[in-house]
Amino acid sequence: MNYNYDDKYYLEASLRHDGSYLFGGMNKRWVTLPGVSAGWRINNENWFNAPWINNLKLRAGIGKTATSGVSAFQWRNTMGITKNAVIIGGSSQTMMYASVLGNPNLSWAQCLNYNVGVDATMWNGLLGVEFDVFYKYEYDKLATVTGAYAPSRGGYYFSSANVNKSDYKGFDLTLTHYNHINKFNYGAKLIWSYAHGRWLKYVGDSDNAPEYQRLTGKQIGSKYGFIANGLFQSEEEIANSATVKGYENPAGIH
């Protein structure tokens with residue numbers, strides 16, 4: 001739905017209701033995705049008096065999106081069959097067993113997007129500016145969770161769940177220049193973008209892992225580990241070297 005009043009005030013609203021066979025149950029299969037944005041064309045106001053500005057518009061929007069990046073039917077329990085598994089009555093028999101535990105709560109990964117921006121065209125196109133500031137919050141992100149369970153579970157757990165959370169924030173800046181020399185038209189465009197993403201929750205973090213091995217709270221794409229500064233050159237350097245908690249040994253070799 002679009003609304004435009006006097007070419008000054010703009011309003012746009014959208015609503016999606018999507019379903020996928022990848023998820024089970026009516027309460028998990030469907031997701032509602034609303035969105036709304038508004039704009040204000042300032043240069044069309046009666047009080048605006050800057051003839052060198054051809055267009056000046058402020059805009060803002062918020063919307064919800066969702067993704068469904070999982071294999072089909074992970075919400076269902078499955079059975080497996082193994083031939084010649086047991087001997088009963090002197091002959092081999094086929095065994096049926098529980099193979100994969102389904103996750104009935106598996107659903108869409110969802111995201112809230114916030115955006116504020118300004119568009120400006122000046123001197124009949126000699127300078128154009130588009131500037132956006134955005135924030136994106138992702139929750140119920142789909143992730144493999146097999147590594148989050150102890151071996152004592154015997155491998156009997158579902159493989160995917162809506163567990164991770166993350167957010168992104170940044171800005172986009174586009175500068176344009178259009179002009180002509182007689183009948184020769186030319187233009188130039190400069191695009192500058194910045195985004196910073198961090199894990200608000202990362203299911204791969206073990207409860208007893210040291211802080212430097214955790215990704216929760218850190219930038220997405222971060223690598224953790226040791227930085228090599230070189231080789232030991234003497235027994236004194238070995239004796240005075242730093243140690244890692246939990247990795248010391250009685251011989252004193254690090």
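Where is Asp6 found? I looked, and Asp6 sits in the loop between strand E1 (2–5) and strand E2 (9–19). I should jot down early that I am working with a predicted model.

**Entry 1: Asp6 and its backbone**

I checked the phi of Asp6 and got a positive value of about 60°, although Asp6 is not a glycine. I noted this because most residues other than glycine have a negative phi.

**Entry 2: the whole protein**

I stepped back to get my bearings. I find two helices and 10 strands in the protein. Reading along the sequence, I wrote the pattern down as β-β-α-β-β-β-β-β-β-β-β-α.

Next I looked up the overall dimensions. The C-alpha trace spans about 95 × 65 × 35 Å along its principal axes. The radius of gyration is 29 Å, while a compact globule of 254 residues would have one near 18 Å.

How much of the protein counts as buried? I get 26% of the 254 residues. The accessible surface comes to about 17600 Å², and carbon and sulfur atoms hold 56% of that.

I also looked at contacts with a separation of 6 or more. Residues 24 or more positions apart account for 56% of them.

Charges came last in this round. I have 23 positive and 19 negative ones, and their mean positions are 10 Å apart.

**Entry 3: the hairpin of E5 and E6**

I moved on to strand pairs. Strand E5 (residues 78–88) and strand E6 (residues 91–100) run antiparallel and are joined by eight bridges. To fix the register in my mind, I noted that Gly80 of the pair stands opposite Tyr97 in E6. The two strands form a hairpin with two residues between them. In the turn, Gly89 has a positive phi of about 65°.

**Entry 4: E7, E8 and E9**

How many bridges join E7 to E8? I find 13, and the two strands run antiparallel. One pair I picked out is Val116 with its bridge partner Val133 in E8. The hairpin of E7 and E8 has four residues between the strands, and Trp123 takes a positive phi near 55° there.

E8 carries on to another partner: E8 and E9 pair in the antiparallel sense over 15 bridges. Here I noted Phe134, whose bridge partner in E9 is Gly170.

I went back to E8 for one more residue. Asp140 lies in this strand, which covers residues 127–144. Its phi is near 55°, a positive value in a residue other than glycine. Asp140 counts as partly exposed because its relative accessibility is 29%, and the partly exposed range lies between 20% and 50%.

**Entry 5: the hairpin of E9 and E10**

Strand E9 (residues 160–181) and strand E10 (residues 184–201) pair in the antiparallel sense over 17 bridges. I marked Lys169, which stands opposite His196 in E10. This hairpin has two residues between the strands, and Asn182 takes a positive phi near 55° in it.

**Entry 6: two residues of E7**

I picked Tyr114 and Val118 to look at side by side. Tyr114 is in strand E7 (residues 109–122), and Val118 is found in strand E7 as well.

Is Tyr114 buried or exposed? Neither label fits: at 35% relative accessibility, Tyr114 counts as partly exposed. Val118 has 23% and also counts as partly exposed.

Then I looked up what they touch, leaving aside neighbours up to four places away in sequence. Tyr114 touches Gly61, Ile62, Val133, Phe134 and Tyr135. Val118 is in contact with Leu56, Lys57, Leu58, Arg59, Val129, Glu130 and Phe131.

I added two C-alpha distances. Tyr114 and Ser37 are 77 residues apart along the chain and separated by 9.7 Å. Val118 and Val133 are 15 residues apart along the chain and separated by 9.4 Å.

**Entry 7: Trp40**

My last stop was Trp40, in strand E3 (residues 30–41). Trp40 counts as partly exposed, at 31% relative accessibility.

Which residues does Trp40 touch, not counting those up to four places away in sequence? I listed Lys8, Tyr9, Glu45, Trp47, Leu56, Lys57 and Leu58.

I closed with a distance across the model. Trp40 and Leu231 are 191 residues apart in sequence, and C-alpha to C-alpha they are 63 Å apart in space.

Notes: Residues are numbered from 1 along each chain as its sequence is written. This is a predicted model: local features need pLDDT of at least 70, side-chain atom pairs count only at pLDDT 80 or more; totals for chains, interfaces and linings use all residues. Side-chain values use heavy atoms; hydrogens and water are left out. The radius of gyration is taken over C-alpha atoms; the globule rule is 2.2 Å times the number of residues to the power 0.38. Buried means under 20% relative accessible area, exposed over 50%, partly exposed in between (1.4 Å probe, protein chains only). Contact means heavy atoms within 4.5 Å. Accessible areas come from the Shrake-Rupley method with a 1.4 Å probe; for residues, only the protein chains shown count as cover. Lys and Arg count as positive and Asp and Glu as negative; His and the chain ends are not counted. The place of a charge is taken as NZ of Lys, CZ of Arg, CG of Asp or CD of Glu. Two strands pair if DSSP finds at least two bridges between them.
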